[in-house]
Amino acid sequence: MSPHPSSPAGSDQTRAGGADISVRIQAEDFDAGREIAALTASNGNTGAVVTFTGLCRDEDGRLAALELEHYPGMAEAEITRIAEEACQRWPLGGLTVIHRHGRIVPGANIVLVVAVSRHRRAAFEAAEFLMDYLKTRAPFWKKEHLRDGGDGGWVDARDSDTRDADRWAAVPPVEP
Amino acid sequence: MQLRYFAWVRERVGLEAEEIDLPETVTTVAGLLDWLAARDDAHAAAFADRGTIRVALDQMHVEHDAPLTGAREAAFFPPMTGG
């Protein structure tokens, strides 16, 4: 049996852009459970849901909070472009991406990706692809505020994040 | 043209945004960076390490050799650290 059995007509619609994409940039917190329920309720043919939630670390007790600056307008536009590319590469039923901005304390949510598909592999890979590209292309910048009252400065971009994003260039799209 | 600055680029320039009249001789992103860096000490400090500056034209990522043709908004910022 093929690891990726072909599915009937529905996947063409998804590839043609039928996936339900929702991108939100907000200061408010989110509820991952509620987002999963909303996305699966509107996608009856869902067999797999993968979620990724990114949290603010306390950096071993050093950090009081992160300040997340963003480029309003472009943040939504760029994440939507990445989500649309994911829907071209994988047969997804839907994608929800939420990214918070403003002051975020350790333990609090920063980012959520929910990917739904008929089969697990597309949802797993699309969620990882979304996060890898979001980290290097979505216009957000983190500044650290330290518990001792100091300014920890702007967080430096990591070379490993660029490599994580670049590796997708070599990954062929998953067949439905 | 509207210019926007983010994160430490914004802090070094000392502005979130400004409106400029683009000289006709400035036709590319790299040319705009050179022109801005020559304006005053704050811009020069922000754009001292040209290679680390990321640029968007009308909210789309572009490389430094991109033409400015028709762009209404240019944004300058460090490598992104979201997610």
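**A walk through chains A and B**

Let us begin in chain A, where four strands form an open sheet in the order β1-β4-β6-β2, with mixed pairing. At the edges stand β1 (20-26) and β2 (48-55) of chain A; each has a single partner strand, so one side of each is left without a neighbour in the sheet. From one strand to the next, the twist averages 5°. Please keep in mind, as you look around, that this is a predicted model.

Now follow one of those edges inward. Strand β2(A) pairs with strand β6 (residues 109-117) of chain A in the antiparallel sense, and eight bridges link the two. To find your place along this pairing, look for A:F52, which stands opposite A:V113 in β6(A).

Helices come next. Helix α2 (residues 32-41) of chain A packs on the sheet, where it touches β1, β2, β4 (92-100) and β6 of chain A. The direction of α2(A) makes about 25° with that of β6(A). Another helix to look for is α3 (residues 74-89) of chain A, which lies across β1 and β4 of chain A and runs at about 155° to β1(A).

What joins A:E35 to A:R24? The two residues form a salt bridge, and their closest N and O atoms are 2.8 Å apart. A:E35 sits in helix α2 of chain A and A:R24 in strand β1 of chain A, so this pair ties together parts that are 11 residues apart in sequence. Over all chains, a search of the whole structure finds 17 salt bridges.

Let us move over to chain B and its strands. Strand β3 (residues 54-57) of chain B runs antiparallel to β5(B), and four bridges join them. β3(B) also pairs with β4(B) in the antiparallel sense, this time over three bridges. A good landmark here is B:L57: its bridge partner in β5(B) is B:A74, and its bridge partner in β4(B) is B:M60. The hairpin of β3(B) and β4(B) has two residues between the strands, and in this hairpin B:D58 takes a positive phi near 45°.

With both chains in view, we can turn to the place where they meet. How many residues of chain B are in contact with chain A? There are 20, and they touch 26 residues of chain A. The size of an interface is often given as the accessible area lost when the parts come together. For chain B and chain A, the area buried between them is about 1900 Å², with 56% of it on carbon and sulfur atoms. Three residues, B:M80, B:T81 and B:G83, supply 35% of the area that chain B buries against chain A, more than any other three residues.

Polar links cross this interface too. The rule finds 16 residue pairs in polar contact between chain B and chain A. Which elements give two or more residues to the side of chain B that touches chain A? They are β1 (2-5), α1 (7-13), β4 (60-62) and β5 (73-77) of chain B. The largest share of that side comes from α1(B), with four residues. By kind, the residues on the side of chain B that touches chain A divide into 11 nonpolar, five polar and four charged.

Finally, look for the salt bridges here: the rule finds two across the interface of chain B and chain A. In one salt bridge, B:R10 meets A:E69, with the closest N and O atoms 2.5 Å apart.

Methods
Residues are numbered from 1 along each chain as its sequence is written. Chains are lettered from A and ligands numbered from 1 in the order in which they are written. This is a predicted model: local features need pLDDT of at least 70, side-chain atom pairs count only at pLDDT 80 or more; totals for chains, interfaces and linings use all residues. Side-chain values use heavy atoms; hydrogens and water are left out. Contact means heavy atoms within 4.5 Å. Buried area is the accessible area (1.4 Å probe) that two parts lose on being put together, summed over both. A salt bridge is a side-chain nitrogen of Lys or Arg within 4 Å of a carboxyl oxygen of Asp or Glu. A polar contact is a pair of N or O atoms within 3.5 Å; within protein, one must be able to donate a hydrogen and the other to accept it, and residues adjacent in sequence count only if both atoms are side-chain atoms. Ala, Val, Leu, Ile, Met, Phe, Trp, Tyr, Cys and Pro count as nonpolar, Asp, Glu, Lys and Arg as charged, and the others, Gly among them, as polar. Two strands pair if DSSP finds at least two bridges between them. Axes are lines fitted to C-alpha atoms, for helices over the stretch in contact, and angles run from 0 to 180 degrees between N-to-C directions.
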